[in-house]
Amino acid sequence: MFVEESISATLTNSRALKQQLFSVLQNCNTLRTLTQIHTQVLVNGFSQKNFILVKIISFYIAFGNVLHAQRAFEKIQCPTTTIWNQMLQGHARSGNPRKSVELYTCMVAAGAVPDGFTYSFLLSACARSGLVREGEQLHGRILVHGFCSNEFVKTNLINLYGISGYDGIGYARRVFDEMSERNVVSWNSLLAGYIRCGDVDGARKVFDEMPERNVVSWTTMVAGCAQNGKCKQALSLFSEMRRARVELDQVALLAALSACAELGDVKLGEWIHSYIAEKFNFQRQPLLVSLNNALVHMYASCGEIEKAYEVFRKMQKRNTVSWTSMITGFAKQGFAQEALSTFEWMLSLGGNDIRPDEITFIGVLCACSHAGFVDDGQYFFTQMIQNWGIKPKIEHYGCLVDLLSRAGFLDEALSIIETMPVKPNDAVWGALLGGCRIHKNAELASRVAQQLSSELDPEHAVGYLVLLANVYATAKKWQDVASVRQKLIEMGVRKPPGRSWVQINGAVHDFLADDRRHEHASSIYDMLENVNRQAMQEGYELDIFEVLFDGGVIES
C-alpha cells in the first residue's frame, strides 16, 4: 500500500496530519516507503518540523543512505543539536567518517551547542579515520565544557587513543582509570587498544582483570593472539571460551581457524567446520565469506587440499581472497596445474568484483616456480603488469628469481636481480643461492653469499652461509667448506635449528633438530633408526655432501 493511500483524505487538520505521518513513519521498513513519507512531509509543508525530521534522518542513516539524510538536513533552517547529532553519527558510521569532523565545524559556526552525544560521535569518527590530532583537540574541548565524566565520551576517548600505538595506549589507560563507572564496553575498548599496539601480554592482564566478559571480550583476545603469532595461546583461549559456554560468533571462529592453519591443528579445524555447518548453515544464518575463506586456508595449510577445494566449490559467494586462498593452497601443496586452472577459471568469470590482486599473482608465480613452468611464469608476470596494472613488489621479483633459479637459468635470474627497480632483499638473494646449490654453481654462490654477508647482520646471514657451505660440499670444495666453517666460528653465531610438528590425538608435538626434550625421545629415535636402516636396505643412498651445522660446527 502506498503512503498516499494510508493517509486519510479527510485529514485537513495540520496537527492530525502530522500525527498520521509520524505514525506511518514509525512503521517504516523500506527505503522506498521512507522516500514516499519524506515526499509527503515536504508536500504538506512540514519540512521544518524537527520531531518528524529527526525520525526521517535517523531512518535514512539506518538504511545506510547518508546522502538522502544530508539532503533532508540541508533544507532545515535551524537544526537543533539533536538533528546535528543525527548527521554527525551518520557520517561517523559511513565510509567517509572525516565528513563528521567537517560537519562539526559547520555546527559550531551555526551556533549550535554540542552535548555529550556530539563529542561521542565525533571521537568515534576520529578513531575510525585515524584523526588522532583532531581527537586530541576535541579532548581539550571536552574538558573545558565539562563532559569528561560522560561514560560514552570516555569510552570513545579510549578507542581514539587505543589506535595510536604504544604512545596512545598509556593515555587510553589513564582515561580508563579515571572513569568512576566502567562497563563491559569500556573494558573491551581498553582490551582492543592493547591488542592494536601488539601488547598481547598487557591485553591478557586487562582480560584477567575484567569483572564481566562477553563474546566481544573473548573474540578480541583470541583474534589478538592469532594475529600476533601467539597461536597456541589463541587456541588455549578458544578452548576456555568453549568451556565457559560463551556463544561462538563468526569472528571468534575465524580467528581460531587462522591459528589452526598456523599450527596445523586440523582436528580442531574440522570441529569448527562441523560447528559452522550445525550452527549457521542448518539454521540458515548468512555466513561471512571471510569465514569460508578461513576454512579453505586452514584445510590447505594442513595438507587437506581436497577438503579445502570442497569448501571452496560449495561457497555460494566468493571474493578475490577466496580465489587467492585456493590458488595459493594448490601451489603450496604442489598442485601447480590445479592452481593455474583455478586461476584461469577465476579470470573467465570477468567482472570488477572478482579481480586478481598482487597476492593472487604471488600464488600463481609460486605454482609456476615449484612446477618448473618457466614460460608460464614469465607470461603471467608480464600479464600482471600490462593487463592488470599491478606494479611488481619485491615478493613478485622473488618468485620470478626463484622460478628461473630452480630451472637452472641462473644468469637470467642474476640479471633480474641486477635490473629490478627495488633493492633485492635476503629472500631474493637466497632464492638465487638455492638455485646455485641445485645446479652446483659454486662460483656464483660465493658471489651471492658475499653480497648477503655484507648486507645482513650475523644472525640473519648464518643460514645463507650454511647454504653456501652445502654448495661447496656438493662441488667437493672442502677447503672452501672449511673457510665458511671458520668464518661462522669467528662470527660466533648459531644457525636456528630446524623445526617441525605433528598432531597426535588432538595434541600438537613440536620438535627441533637433534631434540631430546620430548618425553618419548628415546622411542622416537629408535624408530628413526629403524626407518633409516630399512631405507638403506631398499637401496636409498644418503647425500654424503649434505653439510650438517649444529652449534657452530660443520661436519661433512
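These are my notebook entries on a predicted model of a protein.

**Entry 1: the whole protein**

I started with the overall picture. The protein has 556 residues, and 44% of them count as buried. For its secondary structure I noted 30 helices and four strands. Next I looked up the accessible surface, which comes to about 29,700 Å². Carbon and sulfur atoms hold 50% of that surface. I also checked how contacts are spread along the chain. Among contacts with a separation of 6 or more, 59% join residues 24 or more positions apart.

**Entry 2: helix α6**

Then I picked one helix to walk along. Helix α6 covers residues 81-93, which makes 13 residues. From its first C-alpha to its last I read 18 Å, close to the 18 Å expected at 1.5 Å a residue. How many residues of α6 are buried? I found 11 of the 13, so I wrote α6 down as mostly covered. Among the buried ones are T81, W84, M87, L88 and H91. I, too, had to remind myself of a rule here: an α-helix has 3.6 residues a turn, so residues three or four places apart point the same way.

**Entry 3: T35**

My next stop was T35, which sits in helix α3 (residues 31-43). Is T35 buried or exposed, or somewhere in between? Its relative accessibility is 30%, so T35 counts as partly exposed. I also looked up its distance to Y60, which is 25 residues away along the chain. The C-alpha atoms of T35 and Y60 are separated by 8.9 Å.

**Entry 4: K279**

I was curious about a lysine, and I chose K279 in helix α17 (residues 266-281). Why does K279 count as buried? Its relative accessible area is 19%, and buried means under 20%, so K279 falls on the buried side of the cut-off. What does its side chain meet? I found a polar contact between the side chains of K279 and E247, at 2.8 Å. Leaving aside neighbours within four places in sequence, K279 is in contact with E247 and Q285. So E247 turned up in both of my K279 searches, once for the polar contact and once in the list of contacts.

**Entry 5: N292**

N292 belongs to helix α18 (residues 289-301). At 14% relative accessibility, N292 counts as buried. Which residues does N292 touch, not counting those up to four places away in sequence? I listed L287, V311 and M315.

**Entry 6: Y472**

Y472 is part of helix α28 (residues 458-474). I read a relative accessibility of 7% for Y472, so this tyrosine counts as buried. Not counting residues up to four places away in sequence, Y472 touches A442, S446, K477, D480, V481 and V484. I also checked Y472 against A445, 27 residues away along the chain. Their C-alpha atoms are separated by 8.7 Å.

**Entry 7: a patch on the surface**

I finished on the outside. Which residues form a nonpolar patch on the surface? They are Y309, W345 and L349, with about 260 Å² of accessible area together. I looked at L349 a little further and placed it in helix α21 (residues 336-349). L349 has 47% relative accessibility, so it counts as partly exposed. The cut-off for exposed is over 50%, which is why L349 does not get that label.

Notes
Residues are numbered from 1 along each chain as its sequence is written. This is a predicted model: local features need pLDDT of at least 70, side-chain atom pairs count only at pLDDT 80 or more; totals for chains, interfaces and linings use all residues. Side-chain values use heavy atoms; hydrogens and water are left out. Helices (H or I, at least four residues) and strands (E, at least two) are DSSP runs, numbered from the N terminus. Buried means under 20% relative accessible area, exposed over 50%, partly exposed in between (1.4 Å probe, protein chains only). A polar contact is a pair of N or O atoms within 3.5 Å; within protein, one must be able to donate a hydrogen and the other to accept it, and residues adjacent in sequence count only if both atoms are side-chain atoms. Contact means heavy atoms within 4.5 Å. Patches are made of residues with over 30% relative accessible area and no salt bridge: like charges are joined within 9 Å, nonpolar side chains (Val, Leu, Ile, Met, Phe, Trp, Tyr) within 5 Å. Accessible areas come from the Shrake-Rupley method with a 1.4 Å probe; for residues, only the protein chains shown count as cover. A salt bridge is a side-chain nitrogen of Lys or Arg within 4 Å of a carboxyl oxygen of Asp or Glu. The expected span of a helix is 1.5 Å times one less than its number of residues.
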